[in-house]
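The following exercises are to be worked through with the sequence and the structure at hand. Each task is followed by a solution in steps.

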Amino acid sequence: MEKSESSPALILPHGGVLKNRFCEREKVEELLGKPNVSEIQVDEWTICDAEMIACGGFSPLEGFMDERNYISVINSMRLTDGTVWSMPVVLPVEEPSVFKRTEQALLVFQKKPVGIIEIRDIFKRKKEEECIKVFKTTDTSHPAVKYIKECPEYLVGGNIYFLKPERKKFKKYYLYPEETRNEFKRRKWKNVVGFQTRNPIHRAHEYIQKCALEICDGLFIHPIIGKTKEEDIPADVRMKCYEVLLKNYFPAERVMLCVNPSAMRYGGPREAILHAIVRKNYGCTHFIVGRDHAGVGNFYGPYDAQKIFEEFDESELGINPLFFENSFFCKKCGSMATEKTCPHGEKFRVSISGTKTREILSKGKLLPPEFTRREIAEVLVKFYRRKRGV
């Protein structure tokens, strides 16, 4: 695996160079002061993507994709230069005729200018093809498909400059790739395993994290706090769950908790590749891929997100995936296990679906200790009780 020459303990970013597209406010104000400046209104998904581009989390991207890269990613999971990239990162626009190639336009979110794009391409989005090839469906019950079909018909591509957001929530957990890499170096972690999550961590997650930590110097827990489905547990509740788990059940010197400002795409296999690339950019050498990674509903097979890694050489991705089977608490074994390690049948296994979890919590009851730690169960019950107004 390639390592940086200046810092032998650090893995190289995807594409070899960590990009930084943050800019000073003066650059945006200078454009604001010019006459007849075009504006592009961006939504929550797009603002998440812009931040990931700017901070280097989406390296080697320096902006939103042009048509050639967009089509190449849809068809081959590669950028036009051959670099592995699994999902489109694009900027939808309402009325393309008002924009010109080679002009600069303001990016505006909730009536505030947040950045600049140097427009290099304007093209029509291939919505049906994108949905089928990237998400394996055109069914609008898939949240990303629904979003894409509701988006404007055209896209603009070009490099961006972006204002670094002023964070109030989760401020101490906002570390960008350059900062996490420096922290890994300070801690002298040579092997770092990344864990992706958009849900509160339960016993199965804890089990595979600790298994991975047995072979790595450090664990990087990196929950998505950007755009997710409305029915997902809110980010502040999930963060509280992570905090109480780490405080009580992990060695503090071997774990880092940081937030990931990405939007969740629910893209199953293709998103597993993207998640691995992002953690590589943050400095991870290994990445956990569990059952139904980044899945939603029944759109993907339970281990499709692991199988997709077979389509790429290890040198192309540059990060080691760690595959785990579905884990559960076995009453007969008296411990967490998987089918690889447990000979006992279903009747001894405690494995609760998301639907069942919500059903138990909505009744104000604690989840069983075999499924989640009591401290986490208490955080979740309080949230559901507040939600019900109890």
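## Exercise 1: A buried pair

D232 and R198 are both buried. The model examined here is a predicted one.

**Task.** Determine which interaction joins the side chains of D232 and R198, and where the two residues lie.

**Solution.**
Step 1. The closest approach from N to O is 3.1 Å. A salt bridge requires a side-chain nitrogen of Lys or Arg within 4 Å of a carboxyl oxygen of Asp or Glu, and the side chains of D232 and R198 do meet in a salt bridge.
Step 2. D232 belongs to the loop between β10 (218-223) and α8 (235-249), whereas R198 belongs to the loop between β9 (192-197) and α7 (203-213), so the pair ties together parts that are 34 residues apart in sequence.

## Exercise 2: A pair within one helix

**Task.** State for R186 whether the residue is buried or exposed, do likewise for E183, and describe how the two side chains meet.

**Solution.**
Step 1. Both residues lie in helix α6 (residues 177-187), where they are three residues apart, about one turn of the helix.
Step 2. Their side chains meet in a salt bridge, with an N to O distance of 2.7 Å.
Step 3. Exposed means over 50% relative accessible area; R186 has 58% and is therefore exposed.
Step 4. Buried means under 20%; E183 has 19% relative accessibility and therefore counts as buried.

## Exercise 3: Further salt bridges

**Task.** Which residue forms a salt bridge with K363, and how many salt bridges are counted in the model?

**Solution.**
Step 1. The partner of K363 is E359, and the closest N and O atoms are 3.6 Å apart.
Step 2. The relative accessibility of E359 is 34%, which lies between the limits of 20% and 50%, so E359 counts as partly exposed.
Step 3. K19, R21 and E62 are linked in a network of salt bridges.
Step 4. The count for the model comes to 22 salt bridges.

## Exercise 4: An open sheet

**Task.** In what order do the strands of the open three-stranded sheet stand, and which strands are at its edges?

**Solution.**
Step 1. The order is β15-β14-β16, and the pairing is antiparallel.
Step 2. The edges are formed by β15 (335-338) and β16 (349-350); each has a single partner strand, so one side of each is left without a neighbour in the sheet.
Step 3. Strand β14 (residues 327-330) is joined to β16 by two bridges. In β16, R349 is the bridge partner of C330.
Step 4. Helix α7 lies across β14 and β15, and runs at about 75° to β15.

## Exercise 5: Cavities and a pocket

**Task.** What volume does the largest cavity have, and which element gives the most to the lining of the second largest pocket?

**Solution.**
Step 1. There are two cavities of 30 Å³ or more in the structure. The largest cavity holds about 90 Å³ of space.
Step 2. This cavity is lined by 15 residues, and W45, P88, V90, R125 and E130 are the closest to its centre. The elements giving two or more residues to its lining are α2 (44-55), α4 (127-135) and α5 (143-150).
Step 3. The second largest pocket has a volume of about 890 Å³. Its lining consists of 24 residues, of which I47, F109, P165, E166 and R167 lie nearest its centre.
Step 4. At least two lining residues of this pocket come from each of α2, β6 (112-118) and β8 (154-163). The element that gives the most is α2, with four residues.

How values were computed. Residues numbered from 1 in each chain as written. Predicted model: local features only at pLDDT ≥ 70, side-chain atom pairs only at ≥ 80, totals over all residues. Heavy atoms only, no water. Buried < 20%, exposed > 50% of the residue type's maximum accessible area, 1.4 Å probe, protein only. Pairing = 2+ DSSP bridges. Contact = heavy atoms within 4.5 Å. Axes fitted to C-alpha atoms, helices over the stretch in contact; angles between N-to-C directions. 1 Å grid on protein atoms, 1.4 Å probe; cavity = no way out; pocket = protein on both sides within 12 Å on 5 of 7 lines; lining within 4 Å. Points joined across faces, edges and corners; volume = space filled by probe spheres on them.
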